[in-house]
Amino acid sequence: MVAEWIELFVDGLARGMILSLFGLGITLVFGLGEILNLLLGVFAVVGVIGSSLLLGVVPGLAVAALIAVSLVALFALALDRTVISVVYRAKGEDRVMLGIFVTLGLSLFFEGLLFIYAPGSVFLDSGVPSVTVAGANLTGSSILVITAAAVLFGLIYYFFNNTFLGIGTRTVIQDETGAVLCGIDTRRVQRIVFVLSAAIAGIAGVLYALDAEVTPASSFTLTTFAIMVSIVGGVNSISGTVVAGIVLGIIMTVAGALFGSYLASVTLFAAAIAVLIYKPEQIS
């Protein structure tokens, strides 16, 4: 019995870390520029499909994922310099509404292309063997996800706390007008963070595909999860988003084992609603 709970906790922690990464993709862009990036799921699916296609060309999943995520980042950069730049010219509520319609329209457009040119499902094999700890069988994919996500969280923490660009980004999130008065090029920071969030989504998508099949339709589900985690954690709180993702991931995994996958999703939404009702300061 103890071994089963250990397995559930480790699998839930892995799933939670993936949710945290998706949530960060929303939190960074919305907190920085008040744009609800509904393209996030598309970036994740493109990263997964790209990794799958490259597996037959390059040696190993790590190399394939690195190249695929780099292509996702270039894809995001191209969008930022064209369509998304129009959104950033708007101010206040106009930017929020325009961002929703533009990113939603782009998401539907690219999702349609994926259905046409890559309609199948993709599952990535981690290649990491399972290990037994205290009688619990820990899957290789969960171990790889936890390790990779922990490293990525460490890099993100270092970026925001020990680099000039990261500190400048936090300044823009807290007060865009004040950042401009301090001489910070806010548009440059917004562009870098938009690309960074797309790369994070690409990595999260690859990690997600180690445990579940990914199809073009998965983009909507992944975006929904990302928005939920970001709102529960606080749309301007990076640390809150990470904690929210981990907690919701563990809840979803345990609920799935006890009640089934369908009720696991229902439980996840119920938990998120409960947090918003009893902890409304989370969204401030």
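## Order of elements and overall dimensions

Read from the N terminus, the elements of the protein chain in this predicted model follow the order α-α-α-α-β-β-α-α-α-α-α-α-α, which amounts to eleven helices and two strands. The radius of gyration is 19 Å, close to the 19 Å that the globule rule gives for 284 residues, so the protein chain is as compact as a globular protein of that length. Taken along the principal axes, the box filled by the C-alpha atoms comes to roughly 60 × 50 × 35 Å.

Of the 284 residues in the protein chain, 50% are buried. When contacts between residues at least 6 apart in sequence are considered, 74% of them join residues at least 24 apart.

## Surface and charge

The protein chain exposes about 13,300 Å², and carbon and sulfur atoms supply 70% of that area. There are 10 positive and 15 negative charges in the protein chain, and the mean positions of these two sets lie 14 Å apart.

## Helix 8 and the loop that follows

Helix 8, which covers residues 186-208, is built from 23 residues and reaches 32 Å from its first C-alpha to its last, close to the 33 Å expected at 1.5 Å a residue. This helix is mostly covered, with 18 of its 23 residues buried.

The loop between helix 8 and helix 9 holds P216, a residue that is buried, with a relative accessible area of 0%. Leaving aside neighbours within four places in sequence, P216 is in contact with V45, E111, L114, F115, A118, P119 and G120. The C-alpha atoms of P216 and I227, by contrast, are separated by 18 Å, although these two residues are eleven residues apart along the chain.

## Helix 9 and its cover

Helix 9 spans residues 218-233 and has 16 residues; its first and last C-alpha atoms are 22 Å apart, close to the 22 Å expected at 1.5 Å a residue. The buried residues of this helix are S218, S219, L222, T223, F225, A226, M228, V229, S230, V232 and G233. What covers these buried residues includes helix 1, helix 2 (40-54), helix 4 (92-117), helix 8, helix 10 (238-259) and helix 11. Just after helix 9, G234 takes a positive phi of about 105°.

## Two residues that meet helix 9

T27 is found in helix 1, residues 2-33, and is buried, with a relative accessible area of 2%. Apart from its neighbours within four places in sequence, T27 is in contact with L32, S230, G234, V235, N236, S237, I238 and T241. Among these partners, S230 is one of the buried residues of helix 9, while G234 is the residue with the positive phi just after that helix.

F269 has its place in helix 11, residues 261-278, and at 38% relative accessibility it counts as partly exposed. With neighbours within four places in sequence left aside, F269 is in contact with T224 and M228, and M228 belongs to the buried residues of helix 9. The C-alpha atoms of F269 and L248, which are 21 residues apart along the chain, are separated by 9.1 Å.

## Two glycines in different settings

G166 is found in helix 6, residues 164-174, and counts as buried at 0% relative accessibility. Not counting residues up to four places away in sequence, G166 touches F159 and F160. The separation between the C-alpha atoms of G166 and V189, 23 residues apart along the chain, is 8.9 Å.

G60 lies in the loop between helix 2 and helix 3 (61-89) and is partly exposed, with a relative accessible area of 39%. Measuring along the sequence, G60 and V247 are 187 residues apart, and in space they are 32 Å apart, C-alpha to C-alpha.

Methods:
Residues numbered from 1 in each chain as written. Predicted model: local features only at pLDDT ≥ 70, side-chain atom pairs only at ≥ 80, totals over all residues. Heavy atoms only, no water. Helix = DSSP H or I, 4+ residues; strand = E, 2+ residues; numbered from the N terminus. Rg over C-alpha atoms; globule rule 2.2 N^0.38 Å. Buried < 20%, exposed > 50% of the residue type's maximum accessible area, 1.4 Å probe, protein only. Contact = heavy atoms within 4.5 Å. Areas by Shrake-Rupley, 256 points an atom, 1.4 Å probe, with all protein chains shown as cover. Lys, Arg positive; Asp, Glu negative; His and termini not counted. Charge placed at Lys NZ, Arg CZ, Asp CG, Glu CD. Expected span 1.5 Å × (residues − 1).
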